[in-house]
Amino acid sequence: INDFTVEQDNPEGWEYSRIFILKEKTTDVKYVAKELNAETYSTPKYQKLFNRYLITLSQLRHPSISRYRGFSYISLRDQKKWQPTILTEFEENRSLQEKLDEVRRGINHQEWTPTKKFIDLIGIVSALKFLHENKILHGNLKPGNILLDKNFYPKVCDFLHCQKLNDTKLNAYLAPEVLQGEIGGNASDVFSFGIIAYELFTGSVPYPDISEFNMKVMNQIIEG
């Protein structure tokens with residue numbers, strides 16, 4: 001923690017509420033620090049899951065997967081406080097979700113061409129193929145978990161595989177079997193990718209007539 005300075009505390013527009021933008025003192029390279037729920041990860045079960053996740057992250061090397069920098073159990077706000085925190089590379093264009101929302105508000109990025117959007121899909125597929133070949137399930141693939149670098153190329157992030165539904169916020173990208181409470185498999189990630197691809201090229205949100213994604217909607221999706 002002492003190797004970094006805090007550039008921004010809880011910047012707007014990020015998927016998570018507990019986010020810091022850090023700069024490494026020796027290199028001036030920026031990283032994103034994401035705080036996990038300290039209460040959840042204080043239990044032996046989730047500490048084991050967290051440690052397994054960190055080992056997995058440290059071993060992954062793929063151009064379309066967000067690069068892991070390190071972790072800390074010390075809070076950035078209060079160094080006397082226990083707080084599991086993950087550091088990954090900072091991406092200039094932040095998340096695919098943010099860019100899709102901007103397009104829907106009429107904010108267009110000329111450099112984000114249809115060709116680059118197609119490259120994004122190829123990159124996401126390549127990242128999923130790599131994860132699945134290494135027996136890793138993403139488990140919560142959605143635009144908010146896909147970052148875009150300065151060239152608008154994708155970086156898949158935030159895959160705590162083996163998540164259960166009560167650990168994951170309901171969203172339109174979850175496969176029916178996951179909504180039914182199952183952990184899911186590779187096909188679940190493929191389902192999520194299909195919804196993302198639809199949204200990326202049509203500009204429409206999934207299930208546009210639905211204003212709130214709740215249990216009723218979840219049951220409708222399960223029933224087809």
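# Notebook: helices, cores and selected residues

**Entry 1. Overall layout.** I counted six helices and seven strands in the protein chain. The model is a predicted one, and I read every entry below with that in mind. Starting at the N terminus, I noted the order of elements as β-β-β-α-β-β-α-α-β-β-α-α-α. I then looked up burial and found that 48% of the 224 residues in the protein chain are buried. For contacts between residues at least 6 apart in sequence, I recorded that 58% join residues at least 24 apart.

**Entry 2. The nonpolar cores.** I asked which residues touch the most other members of the largest nonpolar core. They are Ile86, Leu96, Leu141 and Phe159, in a core of 34 residues. I listed the elements that give two or more residues to this core: α1 (44–59), α2 (96–104), α3 (114–133), β6 (146–148) and α5 (186–202). Another core lies apart from this one and has seven residues, including Phe20, Leu22, Tyr31 and Leu76.

**Entry 3. Phe159 and Tyr53.** I followed Phe159 further and looked up its contacts, leaving out residues up to four places away in sequence. Phe159 touches Tyr53, Thr56, Leu57, Leu60, Ile65, Leu131, Ile136, Leu137 and His138. Of these contacts, I checked Tyr53, which lies in helix α1. Tyr53 has a relative accessible area of 4% and therefore counts as buried. Along the chain Tyr53 and Phe159 are 106 residues apart, yet I found their C-alpha atoms separated by 8.4 Å.

**Entry 4. Helix α5.** I checked the length of α5 against expectation. Its 17 residues should span 24 Å at 1.5 Å a residue, and the end C-alpha atoms are 25 Å apart, so the two values agree. I listed the buried residues of α5 as Ser188, Asp189, Ser192, Phe193, Ile195, Ile196, Ala197, Glu199 and Leu200. I then asked what the buried residues of α5 pack against. The partners are α2, α3, β6 and α4 (176–179). Just after α5, I noted that Gly203 takes a positive phi of about 80°.

**Entry 5. Helix α2.** For α2, I recorded Leu96, Gln97, Glu98, Lys99, Leu100 and Glu102 as buried. The cover over these buried residues includes β6 and α5. Just after α2, I found a positive phi of about 90° at Gly106.

**Entry 6. The α2 and α5 pair.** Two packed helices are described by the distance between their axes and the angle between them, so I looked up both values. The axes of α2 and α5 come within 10 Å and cross at roughly 35°. I noted the crossing of α2 past α5 as left-handed. On the α2 side, Leu96, Gln97, Leu100 and Arg104 make the contact, and on the α5 side they meet Ile196, Glu199 and Leu200. Sorted by class, this contact has four nonpolar, one polar and two charged residues.

**Entry 7. Positive phi outside glycine.** Most residues other than glycine have a negative phi, so I looked for exceptions. One is Asp28, with phi near 65°. I placed Asp28 in the loop between β2 (19–24) and β3 (30–35). Phe152 also has a positive phi, of about 70°. I placed Phe152 in the loop between β6 and β7 (154–156). Is Phe152 buried or exposed? With a relative accessible area of 1%, Phe152 is buried, because the cut-off is under 20%.

**Entry 8. Arg67.** I located Arg67 in the loop between α1 and β4 (68–74). At 41% relative accessibility, Arg67 counts as partly exposed. Leaving out residues up to four places away in sequence, I found that Arg67 touches Tyr31, Thr88 and Glu89. Tyr31 is also among the residues of the seven-residue core. Arg67 and Leu57 are ten residues apart along the chain, with C-alpha atoms separated by 8.0 Å.

**Entry 9. Glu133.** I found Glu133 in helix α3. Its relative accessibility is 52%, so Glu133 counts as exposed, the cut-off being over 50%. I last looked up the separation of Glu133 and Asn186, which are 53 residues apart in sequence. From C-alpha to C-alpha, Glu133 and Asn186 are 9.8 Å apart.

Note on methods
Residues numbered from 1 in each chain as written. Predicted model: local features only at pLDDT ≥ 70, side-chain atom pairs only at ≥ 80, totals over all residues. Heavy atoms only, no water. Core = buried A, V, L, I, M, F, W, Y, C linked by side-chain atoms within 4.5 Å. Buried < 20%, exposed > 50% of the residue type's maximum accessible area, 1.4 Å probe, protein only. Helix = DSSP H or I, 4+ residues; strand = E, 2+ residues; numbered from the N terminus. Contact = heavy atoms within 4.5 Å. Expected span 1.5 Å × (residues − 1). Axes fitted to C-alpha atoms, helices over the stretch in contact; angles between N-to-C directions. Left-handed = near helix turned anticlockwise from the far one by under 90°. Nonpolar A, V, L, I, M, F, W, Y, C, P; charged D, E, K, R; others polar.
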